[in-house]
Amino acid sequence: MKEIDREYRSCIEENMEENAESAKTIRDFLTENNITYHDYTIRTLQIPKVFSKKDVARFREIVSTTYGIFQKVIRTYLEDASYRNLFPFDGELRDLILTPRGYDSLLPIARFDIFYNEEDGSFKFCEINTDGTSAMNEDRVLNLALAKNPAHRHLLQFHSFSTFELFDSWVETFFEIYSTYEKRVEHPHIGIVDFLSGVEIEEFREFRKHFEAAGATCELCEVTQLSYRDHHLYSPAGKIIDAVYRRAVTTDLMQRADEVRPFLDAFKNGDVCVIGALNTQIVHNKWLFRLLHGEETLSLLTPKERSFVLEHIPETGLLSEKSSGFRDVLRDKDRYLIKPLDSYASKGVYAGVDCTPEEWEAHVRKFEENTYIYQEYCPPYRTANIDFLEKNPAFSNYANMTGLYVYNGKFAGIYSRLAGGAVISSQYNERDCASLVLES
């Protein structure tokens, strides 16, 4: 795989001007296709992320083991009140988590973000995304954009690559799950449900297209505009929604619970199929990593699963002056990062290696009121790449994060993100790359 990277780099260095021009063309292509995140067009690098078949086999193994562990955690939460009390959920959220799903799957969709070392296959988890799992359309369009990349076109003369299909495969999985729903109907109307302001509408439109190609009717639904009456959830257009593809993340739903009351009530009363149900919050919340290291969870696992957790789940604790690890976090900043207990998109994440001692102490003191966690900092694997849209473009080493898409427990594809800093942030420094598998 290093040789593939060298081939890309050599081709770029021999044709810098042509590749620089192609970067502008690719930027325009991404803009035209509305590949945006919070109103800005995502940026990419000139070398795509290429993985070997051995890597893919490793990813399948990671997904299988992790999913098995998560199933045990979710089931135990739902069945054991003493275990349930270990989690930071109460009030209405706990009631929603305990609401019966009506179908078999415990975790319909997820993306497991890991720091993966391509040289030896070692890795550490970064975080778990569940129902808000996104960026399938970014991967699709970034792969289309490779046709405009002269370095990639050159390598296609000597190698063949495959990509991951992330839309039809999810639609097929969605209907497999729905087929186990107790109140299923023959021709369900699908609602893709989220707070639509500022989200990736193009991705939702792409999913709608694939649902419709599968013979279903489908609608993009602003969650605050749903209505509920006579045991039915109605879309903003006035149609009965039989099955929801939930993209609205739980944190946002609970923060705006009064605005989304029809949706929550329809779900609580079992009058609509919600894929995924709110029990997915059990593994989405970042407190999960702390509980995975606890004996209460380790006792649920096989010896292989226990070893997996201890090796790959980073040390995590509550950022509180009363916690045993607080002084270590302050004293040894380069070993830790801090992040909100329940957030997404790298919001509010700080790494000690990016801060002066004074900055670090200020961050830690500011966020110690039980709303933040501290976590072991895992130095990411880095690869050389180039961004021709920089003022003075040059090859440099970028931190890699590998997102593993998981559709009902099965590995489905890869989302590749890179950044120059210690924290890969979609808001500040992220570069997204097409993900490929080397076939020959």
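Is Arg153 buried, exposed or partly exposed?

1. Arg153 is partly exposed, since its relative accessible area is 39%, and that value falls between the cut-offs of under 20% for buried and over 50% for exposed. The model behind this and every other value in this note is a predicted one.

2. As to its setting, Arg153 belongs to helix H7, which covers residues 150-155. Leaving aside residues up to four places away in sequence, Arg153 touches Glu18, Leu146, Ala147 and Lys148.

3. One open sheet is built from three strands in the order E3-E22-E6, and its pairing is mixed. At its edges are strand E3 (49-51) and strand E6 (161-162), each of which pairs on one side only. Strand E3 runs parallel to strand E22 (residues 435-438), and three bridges join E3 to E22; within this pair, Lys49 stands opposite Ser435 of E22.

4. A sheet of four strands, likewise described as open, has the order E14-E17-E15-E16, and here the pairing is antiparallel. Strand E14 (316-318) and strand E16 (350-351) take the edge positions, and because each has a single partner strand, one side of each is left without a neighbour in the sheet. Strands of a sheet pair through backbone hydrogen bonds, in either a parallel or an antiparallel manner. In the case of E14, the partner is strand E17 (residues 372-376), with which E14 runs antiparallel and to which three bridges join it; Leu318 is found opposite Ile373 of E17.

5. The four-stranded sheet also has a helix to be considered alongside its strands. Helix H17, made up of residues 357-366, lies across strand E15 (336-340) and strand E16, and its direction makes an angle of about 35° with E15.

6. Which way do helices H3 and H15 lie relative to each other? The axes of helix H3 (residues 53-79) and helix H15 (residues 303-312) come within 11 Å and cross at roughly 105°. An angle of 65 to 115 degrees counts as roughly perpendicular, and H3 and H15 are therefore roughly perpendicular to each other.

7. From H3, the contact is made by Arg58, Ile62, Thr65, Thr66, Gly68, Ile69 and Lys72, while H15 supplies Lys304, Glu305, Phe308, Val309 and His312. By character, the residues in the contact of H3 with H15 divide into four nonpolar, four polar and four charged.

Terms used:
Residues are numbered from 1 along each chain as its sequence is written. This is a predicted model: local features need pLDDT of at least 70, side-chain atom pairs count only at pLDDT 80 or more; totals for chains, interfaces and linings use all residues. Side-chain values use heavy atoms; hydrogens and water are left out. Two strands pair if DSSP finds at least two bridges between them. Helices (H or I, at least four residues) and strands (E, at least two) are DSSP runs, numbered from the N terminus. Buried means under 20% relative accessible area, exposed over 50%, partly exposed in between (1.4 Å probe, protein chains only). Contact means heavy atoms within 4.5 Å. Axes are lines fitted to C-alpha atoms, for helices over the stretch in contact, and angles run from 0 to 180 degrees between N-to-C directions. Angles under 35 degrees count as roughly parallel, over 145 as roughly antiparallel, 65 to 115 as roughly perpendicular and the rest as oblique. Ala, Val, Leu, Ile, Met, Phe, Trp, Tyr, Cys and Pro count as nonpolar, Asp, Glu, Lys and Arg as charged, and the others, Gly among them, as polar.
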